[in-house]
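Please look over the sequence and the structure below before reading on. The paragraphs that follow go through the chain as a whole, its sheet, its helix and its metal site.

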Amino acid sequence: MLSRLAPMRYLSGVASASTPGQIPQSNHSTPNSQQGNQRASGARSDLPAFVAWPAFPFEGEMRLKPLQEPVSAEPPRRGDRQEQCSACHTPDSAYLWSNERWRLKSPPAPSGLPVVVILEPRAHLDLGDLSTMHAAELGVLTVRLERAIRNLESVAQVHVNRWGDGTAHLQQWFLARPHGYLQLRGPFMTMWDEILPPVEEHEWRMNLEYIAAWLADD
Ligand SMILES: [Zn+2]
């Protein structure tokens, strides 16, 4: 299978609304929680403990947003109607790698992390829709991708996430934590991805080419 690093042709909104950034509950256990049970200086006492964790990207005065009332009906996700699904209408040339049933893409430009890639089934399926064969292949590909990304010298760990709130077509995200950056450990790394200066374009392309070549090397 050819691996190619074509210019990413992201149709509108593919990356934005489903870009991960969830905030854990206050009892979420991460490596940093051990260090941060005290409240942040100046923070209100009703703030969760994670605002004081080293990994939390913000400091200073903060206040909680009011929690909105739950809606009676969930809004549609992008691609709920397959004829409007951007993934289903994007050619293989916009992807880093593809095979008969799976495709791998990246956001269109470098961000703060050395690697961010997204694995999608070729068919219009969400996670719970996968056949046993698809599910087995997802497991194998997840392990291969994690291994490939973590094999990069600049990478220490790989976070694997699926949210599903924004898009109906399954997207499994792989986000690489740069080596040595302990402050990026845990769930806030998705925020740091947008905070840190983008990695050099040359390095970013080299990393993506390496991953695509790894997958192509059956
Ligand atoms: Zn689709």
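A residue is called buried if its relative accessible area is under 20%, exposed if it is over 50%, and partly exposed in between, as judged with a 1.4 Å probe and with protein chains only. Helices (H or I, at least four residues) and strands (E, at least two) are DSSP runs, numbered from the N terminus. The model is a predicted one, in which local features need pLDDT of at least 70 and side-chain atom pairs count only at pLDDT 80 or more, while totals for chains, interfaces and linings use all residues. Residues are numbered from 1 along each chain as its sequence is written, and side-chain values use heavy atoms, with hydrogens and water left out.

The chain has 218 residues, of which 45% count as buried. It holds three helices and five strands, and from the N terminus on these elements follow one another as β-β-β-α-β-β-α-α. If contact is taken to mean heavy atoms within 4.5 Å, then residues 24 or more positions apart account for 66% of the contacts in the chain with a separation of 6 or more. The accessible surface, computed by the Shrake-Rupley method with a 1.4 Å probe and, for residues, with only the protein chains shown as cover, comes to about 12300 Å², and carbon and sulfur atoms hold 51% of that area.

The sheet comes next. Strands of a sheet pair through backbone hydrogen bonds, either parallel or antiparallel, and two strands are taken to pair here if DSSP finds at least two bridges between them. The five strands form an open sheet in the order E1-E2-E3-E5-E4, with antiparallel pairing. Strand E1 (97-98) and strand E4 (155-161) are the edge strands, each of which pairs on one side only.

Starting from the E1 edge, a hairpin of three residues leads from E1 to E2, and these two strands pair in the antiparallel sense over two bridges, with Ser98 opposite Arg103 in E2. Strand E2 (residues 102-105) is then joined by four bridges to strand E3 (residues 116-121), again running antiparallel. Across this pair, Trp102 stands opposite Pro121, Arg103 opposite Glu120, and Leu104 has Leu119 as its bridge partner. Both faces of E2 are covered, since Trp102 and Leu104 on one side and Arg103 and Lys105 on the other are all buried.

Why can E3 be described as largely enclosed by the rest of the structure? Six of the six residues of E3 are buried, and that is why the description applies. The buried residues lie on both faces of the strand, with Val116, Ile118 and Glu120 on one side and Val117, Leu119 and Pro121 on the other. E3 also pairs with E5 over four bridges in the antiparallel sense, where Val117 has Phe174 of E5 as its bridge partner.

In the loop between E2 and E3 lies Ser111. Leaving out residues up to four places away in sequence, Ser111 touches Val116, Asp193, Pro197, Pro198 and Val199. Ser111 and Asp193 are 82 residues apart in sequence, yet their C-alpha atoms are 6.1 Å apart in space.

Helix H1 (residues 132-150) lies across E1, E2, E3, E4 and strand E5 (172-178), and runs at about 155° to E4; axes are lines fitted to C-alpha atoms, for helices over the stretch in contact, and angles run from 0 to 180 degrees between N-to-C directions. Glu146, a residue of helix H1, is buried, with a relative accessible area of 18%, and, beyond residues up to four places away in sequence, touches Val158 and Phe174. Arg150, also in helix H1, counts as partly exposed at 39% relative accessibility. Apart from neighbours within four places in sequence, Arg150 is in contact with Val155, Ala156, Gln157 and Val158.

Finally, there is the metal site. Donors are N, O and S atoms within 2.8 Å of the metal (3.2 Å for Na, K and Ca), and sites may look incomplete because water is not among the atoms. The zinc ion is coordinated by Cys85 (SG), Cys88 (SG), His124 (ND1) and His169 (ND1), at 2.1 to 2.3 Å, and these donor residues are spaced C-x2-C-x35-H-x44-H in sequence. The site is tetrahedral, with angles of 106 to 116° among its four donor atoms; four donors count as tetrahedral if all angles lie between 85 and 135 degrees. Of the two cysteines, Cys85 is buried at a relative accessible area of 4%, whereas Cys88, at 26%, is partly exposed.

Technical notes. Four donors count as tetrahedral if all angles lie between 85 and 135 degrees; four count as square planar and six as octahedral if opposite donors are over 155 degrees apart and all others between 65 and 115; anything else is irregular.
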